[in-house]
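Hi everyone, thanks for coming. I'd like to walk you through a structure that may be new to you, so please have a look at it while I talk.

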2 protein chains.
Amino acid sequence: MTIAEPTVETAGRDRILDEAASLFLKQGYEAASVRRIAEAVGMQAASIYHHFNSKEDLLEVILHRGLEVMTVAFDDASTATLGAPGRERLAAHIRAHLAALYENGPYTATHVTTFRTAPENVRTTIVPQRDAYEALWTTLLNDLLTSGVLTPDTAVGPARLMLLGGMNASVEWFDPQRGSLDDLAHLITRQTLYGLSNPLKN
Amino acid sequence: MTIAEPTVETAGRDRILDEAASLFLKQGYEAASVRRIAEAVGMQAASIYHHFNSKEDLLEVILHRGLEVMTVAFDDASTATLGAPGRERLAAHIRAHLAALYENGPYTATHVTTFRTAPENVRTTIVPQRDAYEALWTTLLNDLLTSGVLTPDTAVGPARLMLLGGMNASVEWFDPQRGSLDDLAHLITRQTLYGLSNPLKN
DNA sequence: AAGCCTATCTAACGAACGTTAGGTAGGCAA
DNA sequence: TTGCCTACCTAACGTTCGTTAGATAGGCTT
């Protein structure tokens, strides 16, 4: 058990995390000042430091939480599609990753957009958990490869990077208010598996 | 007069742009201070302001240049593949965009990574040129669609977003020092056209 | 030789930054 | 009722930020 039910104690802390993650997502880590985060929460900048040791600490917690949201989504998709056909399993995991990006708070999207330029010590702390998440995808794609769902000459490493990169890149253009997440998931799944080429014309 | 041949005059200015773009790429726009940029160039911070009006101005010039590099690469690919088969034309333009990202200075990569969180007035200034570049891709994909190279039910808008997003996302993991750009271009072209699915197993 | 222009410098400005010290008010426990 | 603990506050710290003013040194023009 990692996530407690929201109590009065954690409410203030979680409010700070929510607003900080949203601001980091919109403006970037450096541009979002502690004072602006505090203002969004409705408190003074100094009060942030009752809950977190530093601004870097705040970012670290947010990046970890974003990764946790992804990982939980992935695991849920795995158990939900145990024994299902390969393409269905892939579709479910793609949909799960996109749901983590757009339907479970700003944490995953913030992770995706701010990790690359995060302070080095923060990045270093996050890397193991990040590797673990990527390993989940490697295992999934390897399963699909050995079961014959993917072309035998598929390079799993690059395929994983392109798939995750493609999904994450959607934060640049996909607006969950305007588009359906199911449509997006279907689009990416279809394009990943079958591509754009017209099979009738070669 | 907009672009002069490189003289001793513009050399200092271009040095500043190079170092600034590299730092913006590595650390982000806000984290890279004018003093650090000046230090990388080998001058004092105040000297930057002999060449640029403000830090925002510096970013704006860099973003524009990144877009110009992309556009020139696209146009070169277009003229180089006039009358060529559709898939070859697509491959050439993918390769051109990736070359702009990795082989023509840090400008295009910096554009891709910093545009989303750039100050709003800077973003506003850039948008028209950005729309023009995306329109080039829309035209190309529409050509491929009407000539039957792409599946008739291809949605060109999302396809363009996914293709550009996928290529741009490679800046997160592709290292031009370690990997071949031709390999990357081939990988993305192949995956875009044909996907990962094993055609022998449905 | 005189004057100007370009490119840089030193020095400093006010503002904003992350952060700390110390205080206060309210709830819970003894 | 007293005392403590949590969650905030006000005030301020030293640092760094983007930026400006003004000086200087070297080269080109006349």
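Let me start with one term: a polar contact here is a pair of N or O atoms within 3.5 Å. Here is an example that fits: a backbone N or O atom of K55(B) sits 2.7 Å from a phosphate oxygen of DNA strand D. Please keep in mind that what you see is a predicted model.

Let's stay with DNA strand D for a moment. Which residues come nearest to this strand? There are 16 residues around DNA strand D, and the nearest are Q44(A), S47(A), R35(B), Y49(B) and K55(B). You'll notice residues of chain A and of chain B in that list.

We have met K55(B), whose backbone atom is 2.7 Å from a phosphate oxygen. Chain A has contacts to show as well. In S47(A), a polar side-chain atom lies 2.5 Å from a phosphate oxygen of DNA strand D. H51(A) also brings a polar side-chain atom to a phosphate oxygen of this strand, at 3.0 Å.

How does the DNA side of this contact divide? Looking at the atoms of DNA strand D within 4 Å of the protein, 57% are sugar or phosphate atoms, and the remainder are base atoms.

And on the protein side, which helices are involved? Three of them each give at least two residues to the surface near DNA strand D: α3 (45-48) of chain A, α2 (34-41) of chain B and α3 (45-51) of chain B. By class, that surface is made of 6 nonpolar, 6 polar and 4 charged residues.

Now over to DNA strand C. Here 17 residues are around the strand, with Y49(A), K55(A), Q44(B), S47(B) and H50(B) nearest. Of the DNA strand C atoms within 4 Å of the protein, 54% belong to sugar or phosphate, and the rest to bases.

Let's go through some phosphate contacts on this strand. A polar backbone atom of K55(A) is 2.8 Å from a phosphate oxygen of DNA strand C. Q44(B) also uses a polar backbone atom, this one 2.6 Å from a phosphate oxygen. For S47(B), an N or O atom in the side chain is 2.7 Å from a phosphate oxygen of the strand.

Which helix gives the largest share of the surface near DNA strand C? That is α3(B), with 4 residues. Helix α2 (34-41) of chain A also supplies at least two residues there. Sorted by class, the surface near DNA strand C has 6 nonpolar, 7 polar and 4 charged residues.

Let's turn to the two protein chains. A turn of 180°, with a shift of 0.0 Å along the axis, lays chain A on chain B with an RMSD of 0.0 Å. That is the relation of a two-fold axis. The same surface serves both copies, as 100% of the contact residues of chain A recur in chain B.

How many residues of chain A are in contact with chain B? The count is 41 residues of chain A against 41 residues of chain B. A word on size: an interface is often described by the accessible area lost when the parts come together. Between chain A and chain B, the buried area is about 3,800 Å², with carbon and sulfur atoms giving 56% of it. On the chain A side, R116(A), M162(A) and L196(A) lose the most area to chain B, together 20% of what that side buries.

There are polar links here too. The interface of chain A and chain B holds 20 residue pairs in polar contact, and 2 salt bridges are found across it. In a salt bridge between R190(A) and D153(B), the closest N and O atoms are 3.1 Å apart. Helices α1 (8-27), α6 (107-114), α8 (156-169) and α9 (181-194) of chain A each give two or more residues to the side that touches chain B. Of these, α9(A) gives the most, with 7 residues. That side of chain A has 18 nonpolar, 15 polar and 8 charged residues.

Finally, a look at chain A by itself. Chain A has 9 helices and 0 strands, and its C-alpha trace spans about 65 × 35 × 30 Å along its principal axes. Within helix α1 of chain A, R15(A) and E19(A) are 4 residues apart, about one turn of the helix. These two form a salt bridge, with their closest N and O atoms 3.5 Å apart. Over all chains, the whole structure has 16 salt bridges.

Thanks for listening!

Terms used:
Residues are numbered from 1 along each chain as its sequence is written. Chains are lettered from A and ligands numbered from 1 in the order in which they are written. This is a predicted model: local features need pLDDT of at least 70, side-chain atom pairs count only at pLDDT 80 or more; totals for chains, interfaces and linings use all residues. Side-chain values use heavy atoms; hydrogens and water are left out. A residue is near a molecule or strand if one of its heavy atoms lies within 4 Å of it. A polar contact is a pair of N or O atoms within 3.5 Å; within protein, one must be able to donate a hydrogen and the other to accept it, and residues adjacent in sequence count only if both atoms are side-chain atoms. Ala, Val, Leu, Ile, Met, Phe, Trp, Tyr, Cys and Pro count as nonpolar, Asp, Glu, Lys and Arg as charged, and the others, Gly among them, as polar. Copies are superposed by least squares on the C-alpha atoms of residues with pLDDT of at least 70 in both. Contact means heavy atoms within 4.5 Å. Buried area is the accessible area (1.4 Å probe) that two parts lose on being put together, summed over both. A salt bridge is a side-chain nitrogen of Lys or Arg within 4 Å of a carboxyl oxygen of Asp or Glu.
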